[in-house]
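Let's walk through this structure together, one neighbourhood at a time. Keep the view open and turn it as you read.

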2 protein chains.
Amino acid sequence: MSDPATPDEQQRVALAVSTVIFALRPHPTTRRLAVHLPLVRRIRAPHQGRWALPGGPLGASEGLGAAASRTLGETTRLRPRYLEQLYAFGGPDRAPSAAERTVSIVYWAMVRPEEADAGVAGVNVQWFLADELPELAFDHNLIVEYALWRLRNKLEYSRIAAAFLGETFTLAELRGVHEAVLQRPLDPANFRRQMEASGRLVPTDEFRTGGRHRPARLFRHDESIHLADNGPLTRA
Amino acid sequence: MSDPATPDEQQRVALAVSTVIFALRPHPTTRRLAVHLPLVRRIRAPHQGRWALPGGPLGASEGLGAAASRTLGETTRLRPRYLEQLYAFGGPDRAPSAAERTVSIVYWAMVRPEEADAGVAGVNVQWFLADELPELAFDHNLIVEYALWRLRNKLEYSRIAAAFLGETFTLAELRGVHEAVLQRPLDPANFRRQMEASGRLVPTDEFRTGGRHRPARLFRHDESIHLADNGPLTRA
DNA sequence: TCAAAAGTGTTTCACTTACACCCATGG
DNA sequence: CCATGGGTGTAAGTGAAACACTTTTGA
């Protein structure tokens, strides 16, 4: 796809893919929505016993994104609603015993809450609050921080919040996503106008009833607009 | 650095690094500054004879960024003022004869005009206008487009324009960089206030004389502020 | 003294923010 | 009928854009 050198010029390295998976779940104490992510416990050296991002080796006949999606599913049984490449890591000082060079491509993904509960179950896979993580294996703390920065950034100029919601949703639900990600309350009136002005929302004829208050109109996202910038491949 | 799987689980692949190098040079007809980039002509299959991004294989004991910097220097004799990872490409359908899998990490870089002229010389290395490229090898056209998008984006919220300029510069020179990259004229008065308000500029006591007009004050960039977001490694 | 660019002041307009207020529903 | 959140209106504040104007130099 994108390289000028021919194979015989190139060095062979081990290549793996990891993924930062975000989901919104109730905070254990405040019960308000908060950004969570699943981690897997390492069962072998290096960093045995530590929590790490789910991932695995690159398959022989799959793309990088496909590998991220697959290894993510194998370790956590989650299927991402959104998947985007984050960064490639490949310092020469990786292997502890100087055995072999490894480069990892890290992706970040978003899943819906329903999926989140179904997927993660075992004692070796567990949800953590995104901003209260233990010390992770490798430089995974740094990676999560960077992914969070990207998530918060993209919320402002893309309809990425859709990945945390169903097909239709009320403005209050959408606002809840923004508040959970940005960790601050937003004015309902101004949020509504902002969203309406963005042109990304399409009102439906349906309403969400059941609360002890006026029913809220359901919206959907404009399908003609791409979910978000997903790198060069989906931008063209 | 960042991978949960151990070497024996991982597939071995060929890995190479390419770089999109930007420099500002006078437009061949209008003589105004325009974004250019150097390309190298491929001397072997696949895509023999086509222009491509400079690059090469990853060395055994160097980081990804170091490899980009090195291969860039070997092919064009340029030394980047700024270097940032762009994207990793690794579709399974790369090799024409289905021989071996190759993944490339693409970087983008900026160099100063003086360096630009010195570096690129041979018939197999040549400068091109960034928005008037011929059909390149692989998917390099797509990559350049994405890199240009990142460059224009970053101009707005970082002091990245510094990489195109010397240690000190006038506001007109800085504005010239912005105008060349964004391809539209900017109001001098408003540009001045924007830059002053950003807090990234430090005025010096020196002035640029010689024009048939009032001398312009020289500024420098605040060194305490990082050049730009350079991925997770330099953000923490 | 004049052209040209440096640098300042000012008006306008769009958008965000804060908050008051009415609407519709379930209990 | 009233508490609760849905939804609308509006005035103040902030910042960008447009442009008139003054300043300072080289020729």
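**Around a helix end**

Just past helix α4(A), A:Gln183 adopts a positive phi of about 60°. Helices here (H or I, at least four residues) and strands (E, at least two) are DSSP runs, numbered from the N terminus. Before going on, please note that this is a predicted model, in which local features need pLDDT of at least 70 and side-chain atom pairs count only at pLDDT 80 or more, while totals for chains, interfaces and linings use all residues. Residues are numbered from 1 along each chain as its sequence is written, chains are lettered from A and ligands numbered from 1 in the order in which they are written, and side-chain values use heavy atoms, with hydrogens and water left out.

Now look at α4(A) itself. The expected span of a helix is 1.5 Å times one less than its number of residues. For the twelve residues of α4(A) that gives 16 Å, and the end C-alpha atoms are indeed 16 Å apart, so the two agree. The helix is mostly covered, with ten of its twelve residues buried; buried means under 20% relative accessible area, exposed over 50%, and partly exposed in between (1.4 Å probe, protein chains only). Among the buried residues of α4(A) are A:Leu171, A:Leu174, A:Val177 and A:Leu182.

One residue to pick out is A:His178, found in helix α4 of chain A. What is its relative accessibility? The value for A:His178 is 8%, and therefore A:His178 counts as buried. Leaving out residues up to four places away in sequence, A:His178 touches A:Leu155, A:Ala161, A:Gln183, A:Leu186, A:Phe191 and A:Met195, where contact means heavy atoms within 4.5 Å. Notice that A:Gln183, the residue with the positive phi, is in this list.

Chain B has a residue to set beside it. B:His178 sits in helix α4 (residues 171–182) of chain B and is buried, with a relative accessible area of 8%. Its contacts, again without neighbours within four places in sequence, are B:Leu155, B:Ala161, B:Gln183, B:Leu186, B:Phe191 and B:Met195.

**Along the DNA**

Next, turn to DNA strand D, which is surrounded by 20 residues; a residue is near a molecule or strand if one of its heavy atoms lies within 4 Å of it. The closest are A:Arg192, A:Arg193, A:His213, B:Asn190 and B:Gly211. In chain A, α4 (171–182), α5 (188–198) and β10 (216–221) each supply at least two residues of this surface, and so does α5 (188–198) of chain B. By class, the surface has six nonpolar, four polar and ten charged residues. Here Ala, Val, Leu, Ile, Met, Phe, Trp, Tyr, Cys and Pro count as nonpolar, Asp, Glu, Lys and Arg as charged, and the others, Gly among them, as polar.

Which part of DNA strand D lies within 4 Å of the protein? Of those atoms, 58% belong to sugar or phosphate and the rest to bases. A polar side-chain atom of B:Asn190 lies 2.8 Å from a base nitrogen, and a backbone N or O atom of A:Arg212 lies 3.3 Å from a base oxygen. B:Gly211 brings a backbone N or O atom to 3.4 Å from a sugar or linking oxygen.

DNA strand C also has 20 residues around it, the closest being A:Asn190, A:Gly211, A:Pro215, B:Arg192 and B:Arg193. Sugar and phosphate make up 57% of the strand C atoms that come within 4 Å of the protein. On this side, α5 of chain A and α4, α5 and β10 (216–221) of chain B each supply at least two residues. A base oxygen of strand C is 3.4 Å from a side-chain N or O atom of A:Arg214, and a phosphate oxygen is 3.1 Å from a polar backbone atom of B:Arg217.

**Aromatic rings**

Finally, look at A:Tyr87 and A:Tyr146, an aromatic pair with centres 6.1 Å apart and planes at 85°, which is edge-to-face. Rings of Phe, Tyr and Trp (its six-membered ring) pair if their centres lie within 6.5 Å; planes under 30 degrees apart count as stacked, over 60 as edge-to-face and the rest as tilted. This pair links strand β5 (residues 82–89) to helix α3 (residues 140–157) of chain A, 59 residues apart. A:Tyr87, A:Phe89, A:Tyr146 and A:Trp149 form one aromatic cluster.

Key:
Polar contact = N/O pair within 3.5 Å; in protein donor to acceptor, adjacent residues only side chain to side chain.
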